[in-house]
Amino acid sequence: MPDEPPAATAVPDVLDGDIAAFVVERFLPGVDAGELDPDYDLLATAVIDSLGILHVAAWLEQRYGIVLPDADLAGRNFRTVAAIRAVAERAARGEGGA
């Protein structure tokens, strides 16, 4: 029997709404998650700081099973909800470290 290719690992759907809900719950209590624009600058407005980046990374691992490489724990990857989704999706596909 020929060797079968390994089964592809499903990449979880990382949703902006899930990320926004976590950010609001953890860092912006009292704000509606639906009001958080995916491109709102979380770093420039001091919503997230370096410790916040670690909280978000830990949440991504707990929620989606995505472990970000150390090289991805940089501010540029956590500046916005959209950036967080992008780095999580890259890491889930095994393309981290960018």
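The following paragraphs describe the helices of a predicted model, the contacts between them, and selected buried residues.

The protein contains three helices and zero strands, and its elements run α-α-α from the N terminus on. Of the 98 residues in the protein, 34% are buried. Where contacts between residues at least 6 apart in sequence are considered, 58% of them join residues that are at least 24 apart.

Helix 1 spans residues 16-27 and helix 2 spans residues 50-64, and the axes of these two helices come within 11 Å of each other, crossing at roughly 130 degrees. Helix 1 and helix 2 are therefore oblique to each other, and their crossing is right-handed. On the side of helix 1 the contact is made by Asp18, Ile19, Phe22, Arg26 and Phe27, while helix 2 contributes Gly52, His55, Val56, Trp59, Arg63 and Tyr64. Sorted by class, the residues in this contact of helix 1 with helix 2 comprise six that are nonpolar, two that are polar and three that are charged.

Aromatic side chains form a recurring theme in the description of this contact. Three aromatic pairs are counted in the model. In one of them, phenylalanine 22 and tryptophan 59 are stacked, with 4.8 Å from centre to centre and 15 degrees between the planes. Because phenylalanine 22 lies in helix 1 and tryptophan 59 in helix 2, this pair ties together parts that are 37 residues apart in sequence. Both phenylalanine 22 and tryptophan 59 are buried. Tryptophan 59 also forms an aromatic pair with tyrosine 64, and here the arrangement is edge-to-face, with 5.8 Å from centre to centre and 90 degrees between the planes. The relative accessible area of tryptophan 59 is 11%, so that this residue counts as buried, and tyrosine 64, with a relative accessible area of 13%, is likewise buried. Taken together, the ring pairs link Phe22, Phe27, Trp59 and Tyr64 into a cluster.

The contact of helix 1 with helix 3 was examined in the same terms. Helix 3 covers residues 81-92, and the axes of helix 1 and helix 3 come within 9 Å and cross at roughly 120 degrees. This angle makes helix 1 oblique to helix 3, and helix 1 passes helix 3 in a right-handed crossing. The residues that meet are Asp16, Ile19 and Ala20 in helix 1 and Val81, Ala82, Ile84 and Arg85 in helix 3. By class, the contact of helix 1 with helix 3 is made up of five nonpolar residues, no polar residues and two charged residues. Ile19 is thus named both in the contact of helix 1 with helix 2 and in the contact of helix 1 with helix 3.

Individual residues in and beside these helices add further detail. Alanine 20, which is found in helix 1, counts as buried at 5% relative accessibility. Apart from residues up to four places away in sequence, alanine 20 touches Ala33, Leu36 and Val81. The C-alpha atoms of alanine 20 and aspartate 37 are separated by 8.3 Å, although the two residues stand 17 residues apart along the chain. Alanine 82 is found in helix 3 and is buried, with a relative accessible area of 17%. When residues up to four places away in sequence are not counted, alanine 82 touches Asp16, Pro38 and Asp39. Of these partners, aspartate 16 is 66 residues from alanine 82 in sequence, yet the two are 6.6 Å apart in space, C-alpha to C-alpha.

Threonine 80 is found in the loop between helix 2 and helix 3, and with a relative accessible area of 11% it is buried. Leaving aside neighbours within four places in sequence, threonine 80 is in contact with Pro38, Asp39, Tyr40, Asp41 and Leu42. Threonine 80 and alanine 20, which are 60 residues apart in sequence, are 9.4 Å apart in space, C-alpha to C-alpha. Pro38 and Asp39 accordingly appear among the contacts of threonine 80 and among those of alanine 82.

Conventions:
Residues numbered from 1 in each chain as written. Predicted model: local features only at pLDDT ≥ 70, side-chain atom pairs only at ≥ 80, totals over all residues. Heavy atoms only, no water. Axes fitted to C-alpha atoms, helices over the stretch in contact; angles between N-to-C directions. Helix = DSSP H or I, 4+ residues; strand = E, 2+ residues; numbered from the N terminus. Parallel < 35°, antiparallel > 145°, perpendicular 65-115°, else oblique. Left-handed = near helix turned anticlockwise from the far one by under 90°. Contact = heavy atoms within 4.5 Å. Nonpolar A, V, L, I, M, F, W, Y, C, P; charged D, E, K, R; others polar. Phe/Tyr/Trp six-rings, centres within 6.5 Å; stacked < 30°, edge-to-face > 60°. Buried < 20%, exposed > 50% of the residue type's maximum accessible area, 1.4 Å probe, protein only.
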